[in-house]
Amino acid sequence: MPNIDGISYPDGVKDMLKDRWIGPMYRAYLDKKLSDEIYVFLDETASKRDPKSQYKKFFTSTGKYSINIDGPTLDRAKSLGEKQDWKSKDWRKVYDAAEAYLVRLAKGEHESKFYENDPAFKEHHTYMLEQQMLRQKYPALLADLNTDDKKAVANVAALLKADRKAGEKAVKVFTKKNKGAPPPQETMNKIMKFFKIR
């Protein structure tokens with residue numbers, strides 16, 4: 001599992017798709033990248049492999065969710081499809097090879113980019129960091145910042161950790177709202193020191 005800022009997230013396309021939070025975000029990300037065939041194939045074939053109904057959809061060049069698998073696998077699928085041999089044991093090899101290809105493709109092309117760049121994931125990650133920070137106690141920091149709004153401090157800290165630029169903006173908003181707070185740079189330094197943000 002990838003560990004981002006101390007929070008574990010699912011690793012690998014299959015686990016990512018199963019996750020109740022990451023799954024919908026990852027599907028939307030794959031849609032934006034015009035790679036929806038990855039999750040459509042994995043979702044559909046996880047519960048049922050039916051070459052008769054799935055051949056045109058996945059294994060033909062004109063299929064709605066055509067998968068670009070390597071030559072020998074595709075040749076085998078086309079040969080079986082043209083003969084309408086839906087019972088052949090070779091279909092298992094075709095499906096296994098197609099699944100392995102899509103898992104590798106997702107890992108190599110999409111997984112790390114999703115975790116690094118997807119705006120929906122970044123928002124979710126910031127929320128998870130905020131929840132983590134809200135579980136801590138920091139009365140001395142609240143006193144130093146001249147506030148009793150623990151949630152606002154946790155939000156600023158989470159933003160500083162997840163996205164420095166957004167965090168710096170949040171510090172300015174926080175100090176503007178809390179008239180007794182130290183200047184923005186001092187406030188940011190205090191929050192970063194307490195939460196060990198580098």
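This passage goes through three helix pairs, two threonines and a few other residues in a predicted model. Residues are numbered from 1 along each chain as its sequence is written, and side-chain values use heavy atoms, with hydrogens and water left out. As the model is a prediction, local features need pLDDT of at least 70 and side-chain atom pairs count only at pLDDT 80 or more, while totals for chains, interfaces and linings use all residues.

Helices here are DSSP runs (H or I, at least four residues), numbered from the N terminus. Two packed helices are described by the angle between their axes and the distance between the axes. The axes are lines fitted to C-alpha atoms, for helices over the stretch in contact, and the angles run from 0 to 180 degrees between N-to-C directions.

Helix 6 (residues 90–117) turns up in two of the pairs, and its pairing with helix 2 (residues 22–32) is a good place to start. The two axes come within 11 Å and cross at roughly 115°. That makes helix 2 roughly perpendicular to helix 6; angles of 65 to 115 degrees get that label, those under 35 count as roughly parallel, those over 145 as roughly antiparallel, and the rest as oblique. Helix 2 goes past helix 6 in a right-handed crossing, the near helix being turned clockwise from the far one by less than a right angle, whereas an anticlockwise turn would be left-handed. On the helix 2 side, the contact (heavy atoms within 4.5 Å) is made by Ile22, Met25, Tyr26, Tyr29 and Leu30. Helix 6 puts in Ala106, His110, Glu111, Lys113, Phe114 and Tyr115. By class, the residues of this contact come out as eight nonpolar, one polar and two charged. In this scheme Ala, Val, Leu, Ile, Met, Phe, Trp, Tyr, Cys and Pro are nonpolar, Asp, Glu, Lys and Arg are charged, and the others, Gly among them, are polar.

Ala28 is also part of helix 2. With a relative accessibility of 36%, Ala28 is partly exposed, a class that sits between buried (under 20% relative accessible area) and exposed (over 50%), using a 1.4 Å probe and protein chains only. Ala28 and Asp118 are 90 residues apart in sequence, yet their C-alpha atoms are 9.7 Å apart in space.

Helix 3 (residues 36–47) is the other partner of helix 6, with an angle of about 140° and axes 10 Å apart. Helix 3 is therefore oblique to helix 6, and the crossing is left-handed. Glu37, Ile38, Phe41, Leu42 and Thr45 of helix 3 meet Tyr95, Ala98, Glu99, Leu102, Leu105, Ala106 and His110 of helix 6. Sorted by class, that contact has eight nonpolar, two polar and two charged residues.

Thr45 of helix 3 is worth a separate look. Thr45 is buried, at 6% relative accessibility. A polar atom of the Thr45 side chain lies 2.7 Å from the backbone oxygen of Phe41. Setting aside residues up to four places away in sequence, Thr45 touches Gln54, Phe58 and Tyr95.

Thr126 sits in helix 7 (residues 119–134) and is buried too, with a relative accessible area of 11%. The Thr126 side chain reaches the backbone oxygen of Lys122 at 2.9 Å. Not counting neighbours within four places in sequence, Thr126 is in contact with Ala158, Leu159 and Ala162. Leu159, in turn, belongs to helix 9 (residues 150–162). Beyond its neighbours within four places, Leu159 contacts Thr126, Arg164, Ala166, Gly167 and Ala170. Leu159 and His125 are 34 residues apart in sequence and 9.4 Å apart in space, C-alpha to C-alpha.

Helix 9 also packs with helix 11 (residues 184–194), at an angle of about 80° and with axes 10 Å apart. The two helices are therefore roughly perpendicular to each other. Val153, Val156, Ala157 and Leu160 of helix 9 meet Met188, Ile191 and Met192 of helix 11. The residues of this contact are seven nonpolar, no polar and no charged.

Two loop residues round things off. Leu34, in the loop between helix 2 and helix 3, has a positive phi near 55° although it is a residue other than glycine. Leu34 is exposed, at 72% relative accessibility. Gln84 lies in the loop between helix 5 (71–83) and helix 6 and has a positive phi of about 55°, again without being a glycine. Gln84 counts as exposed as well, at 57% relative accessibility.

Conventions
Polar contact = N/O pair within 3.5 Å; in protein donor to acceptor, adjacent residues only side chain to side chain.
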